[in-house]
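Biologist: Please put the model up, and then we can go through it by question and answer.

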Amino acid sequence: AAAADAGSYDVVVTGSCGTVTSSAATLTVNSGAAISSSPVNQTVCEGGPASFSVTATGTGLSYQWRKNGAPISGATNSSFTIPAAAAADAGSYDVVVTGSCGTITSSAATLTVNSGAAITAPPVNQTVCEGGPASFSVSATGTGLSYQWRKNGAPISGATNSSFAIPAAAAADAGSYDVVVTGSCG
(Lines give C-alpha, C1' and ligand atoms only; values in the text may rest on other atoms or scores of the structure.)
Protein backbone atom coordinates (compact mmCIF):
# COMPACT_ATOMS: atom_id res chain seq x y z
CA ALA A 1 0.00 0.00 0.00
CA ALA A 2 1.15 3.51 -0.86
CA ALA A 3 -0.13 6.85 0.40
CA ALA A 4 -2.21 7.14 -2.79
CA ASP A 5 -4.08 3.94 -1.85
CA ALA A 6 -5.63 5.55 1.24
CA GLY A 7 -9.39 6.01 1.01
CA SER A 8 -12.79 4.44 1.48
CA TYR A 9 -13.45 1.00 -0.01
CA ASP A 10 -16.74 -0.83 -0.53
CA VAL A 11 -17.88 -3.69 -2.69
CA VAL A 12 -20.91 -4.03 -4.95
CA VAL A 13 -22.27 -7.60 -4.98
CA THR A 14 -24.51 -8.45 -7.90
CA GLY A 15 -26.57 -11.60 -8.07
CA SER A 16 -29.45 -12.90 -10.18
CA CYS A 17 -31.94 -11.35 -7.76
CA GLY A 18 -30.36 -7.90 -7.40
CA THR A 19 -27.44 -5.81 -6.26
CA VAL A 20 -26.26 -4.91 -2.78
CA THR A 21 -23.43 -2.58 -1.69
CA SER A 22 -21.37 -3.25 1.44
CA SER A 23 -20.65 -0.67 4.08
CA ALA A 24 -17.44 1.24 3.47
CA ALA A 25 -14.11 0.33 5.04
CA THR A 26 -11.44 2.99 5.40
CA LEU A 27 -7.81 2.30 4.52
CA THR A 28 -5.33 4.54 6.31
CA VAL A 29 -1.72 4.31 5.13
CA ASN A 30 0.72 5.47 7.78
CA SER A 31 4.02 6.85 6.57
CA GLY A 32 7.31 5.57 7.94
CA ALA A 33 9.58 7.75 10.05
CA ALA A 34 11.95 9.89 7.99
CA ILE A 35 14.43 12.57 9.02
CA SER A 36 14.58 15.65 6.83
CA SER A 37 16.96 17.68 9.01
CA SER A 38 19.49 16.14 11.41
CA PRO A 39 21.17 17.84 14.39
CA VAL A 40 24.33 19.82 13.54
CA ASN A 41 27.75 20.07 15.21
CA GLN A 42 28.14 22.80 17.82
CA THR A 43 31.00 24.50 19.62
CA VAL A 44 30.10 26.46 22.75
CA CYS A 45 31.95 28.11 25.59
CA GLU A 46 31.76 26.46 28.99
CA GLY A 47 28.62 27.71 30.74
CA GLY A 48 26.90 28.62 27.47
CA PRO A 49 23.78 26.94 26.08
CA ALA A 50 23.84 24.16 23.49
CA SER A 51 20.77 23.10 21.54
CA PHE A 52 20.15 20.29 19.07
CA SER A 53 17.05 19.69 16.96
CA VAL A 54 15.71 17.27 14.39
CA THR A 55 12.98 17.60 11.79
CA ALA A 56 11.17 14.35 11.06
CA THR A 57 8.06 13.18 9.25
CA GLY A 58 5.91 10.14 9.80
CA THR A 59 2.93 8.92 11.78
CA GLY A 60 2.90 8.72 15.58
CA LEU A 61 6.45 10.04 16.11
CA SER A 62 8.34 9.86 19.40
CA TYR A 63 11.92 10.92 20.11
CA GLN A 64 14.79 9.72 22.29
CA TRP A 65 18.02 11.75 22.37
CA ARG A 66 21.28 9.94 23.08
CA LYS A 67 24.77 11.00 24.12
CA ASN A 68 27.55 8.71 22.88
CA GLY A 69 24.87 6.09 22.15
CA ALA A 70 23.29 6.11 25.64
CA PRO A 71 19.72 7.41 26.12
CA ILE A 72 19.40 10.75 27.92
CA SER A 73 16.70 10.59 30.60
CA GLY A 74 13.77 12.90 29.84
CA ALA A 75 15.12 13.99 26.43
CA THR A 76 12.07 12.96 24.40
CA ASN A 77 11.19 16.01 22.27
CA SER A 78 12.23 17.00 18.74
CA SER A 79 14.83 19.31 20.32
CA PHE A 80 17.28 18.93 23.20
CA THR A 81 18.89 21.81 25.09
CA ILE A 82 21.73 21.96 27.61
CA PRO A 83 21.24 25.32 29.39
CA ALA A 84 24.82 25.63 30.69
CA ALA A 85 27.31 23.29 28.99
CA ALA A 86 30.18 21.84 31.02
CA ALA A 87 33.26 19.99 29.82
CA ALA A 88 31.52 16.70 30.71
CA ASP A 89 28.75 17.50 28.19
CA ALA A 90 31.13 17.27 25.23
CA GLY A 91 30.37 14.27 23.05
CA SER A 92 28.32 12.86 20.21
CA TYR A 93 24.54 13.46 20.18
CA ASP A 94 21.90 11.77 18.03
CA VAL A 95 18.17 11.09 18.26
CA VAL A 96 16.18 7.93 17.65
CA VAL A 97 12.86 8.77 15.97
CA THR A 98 10.18 6.08 16.32
CA GLY A 99 6.92 6.12 14.37
CA SER A 100 4.00 3.78 13.85
CA CYS A 101 5.85 2.19 10.94
CA GLY A 102 9.45 1.96 12.11
CA THR A 103 12.45 3.61 13.70
CA ILE A 104 15.23 5.74 12.27
CA THR A 105 18.32 7.26 13.90
CA SER A 106 19.67 10.68 12.96
CA SER A 107 23.25 11.30 12.07
CA ALA A 108 25.37 12.24 15.08
CA ALA A 109 26.29 15.83 15.94
CA THR A 110 29.39 16.63 17.97
CA LEU A 111 29.29 19.04 20.89
CA THR A 112 32.62 20.70 21.65
CA VAL A 113 32.82 22.66 24.90
CA ASN A 114 35.65 25.22 24.96
CA SER A 115 37.03 26.34 28.30
CA GLY A 116 37.57 29.98 29.19
CA ALA A 117 41.01 31.53 29.51
CA ALA A 118 42.51 31.34 33.00
CA ILE A 119 45.96 32.29 34.28
CA THR A 120 47.43 29.58 36.47
CA ALA A 121 50.84 31.21 37.08
CA PRO A 122 51.24 34.97 36.48
CA PRO A 123 54.57 36.67 35.66
CA VAL A 124 56.72 37.52 38.71
CA ASN A 125 58.62 40.69 39.64
CA GLN A 126 62.27 40.85 38.63
CA THR A 127 65.30 42.93 39.49
CA VAL A 128 68.27 42.67 37.14
CA CYS A 129 71.57 44.43 36.65
CA GLU A 130 71.83 46.79 33.67
CA GLY A 131 72.86 44.75 30.62
CA GLY A 132 71.59 41.51 32.16
CA PRO A 133 68.74 39.42 30.75
CA ALA A 134 65.17 39.64 32.02
CA SER A 135 62.38 37.27 31.13
CA PHE A 136 58.74 36.96 32.05
CA SER A 137 56.39 34.03 31.52
CA VAL A 138 52.79 33.17 32.16
CA SER A 139 51.00 29.84 32.43
CA ALA A 140 47.42 29.79 31.25
CA THR A 141 44.70 27.29 30.42
CA GLY A 142 41.83 27.55 27.96
CA THR A 143 40.95 26.92 24.35
CA GLY A 144 42.59 28.78 21.46
CA LEU A 145 44.95 30.92 23.55
CA SER A 146 46.88 33.91 22.24
CA TYR A 147 49.12 36.32 24.15
CA GLN A 148 49.96 40.03 24.04
CA TRP A 149 52.61 41.36 26.42
CA ARG A 150 52.37 44.98 27.54
CA LYS A 151 54.72 47.46 29.20
CA ASN A 152 53.00 50.06 31.37
CA GLY A 153 49.70 49.12 29.68
CA ALA A 154 50.93 49.61 26.09
CA PRO A 155 51.23 46.57 23.76
CA ILE A 156 54.79 45.47 22.94
CA SER A 157 55.09 44.84 19.20
CA GLY A 158 55.81 41.16 18.39
CA ALA A 159 55.53 40.00 22.03
CA THR A 160 52.83 37.37 21.43
CA ASN A 161 54.11 34.21 23.12
CA SER A 162 53.60 32.83 26.62
CA SER A 163 57.00 34.28 27.55
CA PHE A 164 58.74 37.59 26.89
CA ALA A 165 62.50 38.17 27.14
CA ILE A 166 64.72 41.24 27.21
CA PRO A 167 68.24 39.98 26.33
CA ALA A 168 70.10 43.02 27.73
CA ALA A 169 68.03 45.22 30.06
CA ALA A 170 68.57 48.99 30.02
CA ALA A 171 67.25 51.63 32.42
CA ALA A 172 64.52 52.45 29.85
CA ASP A 173 63.23 48.87 30.15
CA ALA A 174 62.21 49.34 33.79
CA GLY A 175 58.42 49.34 34.20
CA SER A 176 55.34 47.27 34.77
CA TYR A 177 54.89 44.25 32.49
CA ASP A 178 51.73 42.22 32.09
CA VAL A 179 50.20 39.96 29.47
CA VAL A 180 46.69 39.82 28.04
CA VAL A 181 45.68 36.19 27.44
CA THR A 182 42.81 35.76 24.99
CA GLY A 183 41.03 32.50 24.28
CA SER A 184 38.07 31.30 22.26
CA CYS A 185 35.85 32.03 25.25
CA GLY A 186 37.23 35.32 26.54
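Biologist: How many helices and how many strands are there in the chain?

Modeller: This is a predicted model. Secondary structure in the chain is confined to one of the two types counted. The count is 0 helices and 21 strands.

Biologist: What radius of gyration does the chain have, against that of a compact globule of 186 residues?

Modeller: The C-alpha atoms fill a box of roughly 125 × 30 × 20 Å along the principal axes. A compact globule of 186 residues would come out near 16 Å. For the chain, the radius of gyration is 33 Å.

Biologist: What share of the contacts in the chain with a separation of 6 or more is between residues 24 or more positions apart?

Modeller: Burial is a separate figure, with 24% of the 186 residues buried. For the contacts with a separation of 6 or more, residues 24 or more positions apart account for 55%.

Biologist: Which strands stand at the edges of the open sheet 19-18-21?

Modeller: The sheet has 3 strands, and their pairing is antiparallel. Each edge strand has a single partner strand, so one side of it is left without a neighbour in the sheet. The edges are strand 19 (154-155) and strand 21 (177-182).

Biologist: Which residue of strand 19 is the bridge partner of lysine 151?

Modeller: Strand 18 covers residues 146-151 and runs antiparallel to strand 19. The two are joined by 2 bridges. The partner of lysine 151 is alanine 154.

Biologist: Which side chains of strand 11 are buried?

Modeller: Strand 11 (residues 79-82) pairs with strand 7 in the antiparallel sense, over 4 bridges. One bridge partnership links alanine 50 to isoleucine 82. Side chains alternate along strand 11, with Ser79 and Thr81 pointing to one face and not buried. The buried ones, on the other face, are Phe80 and Ile82.

Biologist: Is aspartate 94 buried or exposed, and what is its relative accessible area?

Modeller: Aspartate 94 is in strand 12 (residues 91-99). Leaving out residues up to four places away in sequence, it touches Gln64, Trp65, Arg66, Thr105, Ser106, Ser107 and Ala108. The cut-off for buried is under 20%. Aspartate 94 is therefore buried, with a relative accessible area of 10%.

Biologist: How do the residues lining the largest pocket divide into nonpolar, polar and charged?

Modeller: The largest pocket holds about 330 Å³ of space. Its lining has 19 residues, and those nearest the centre are Gln126, Phe136, Asp173, Ala174 and Gly175. The lining divides into 12 nonpolar, 5 polar and 2 charged.

Note on methods:
Residues are numbered from 1 along each chain as its sequence is written. This is a predicted model: local features need pLDDT of at least 70, side-chain atom pairs count only at pLDDT 80 or more; totals for chains, interfaces and linings use all residues. Side-chain values use heavy atoms; hydrogens and water are left out. Two strands pair if DSSP finds at least two bridges between them. Buried means under 20% relative accessible area, exposed over 50%, partly exposed in between (1.4 Å probe, protein chains only). Contact means heavy atoms within 4.5 Å. On a 1 Å grid over the protein atoms alone, a cavity is a set of points where a 1.4 Å probe fits but cannot get out, and a pocket is an open set with protein on both sides within 12 Å along at least five of seven lines; lining residues have an atom within 4 Å of a point. Grid points are joined across faces, edges and corners, and a volume is the space filled by probe spheres set on the points. Ala, Val, Leu, Ile, Met, Phe, Trp, Tyr, Cys and Pro count as nonpolar, Asp, Glu, Lys and Arg as charged, and the others, Gly among them, as polar. The radius of gyration is taken over C-alpha atoms; the globule rule is 2.2 Å times the number of residues to the power 0.38.
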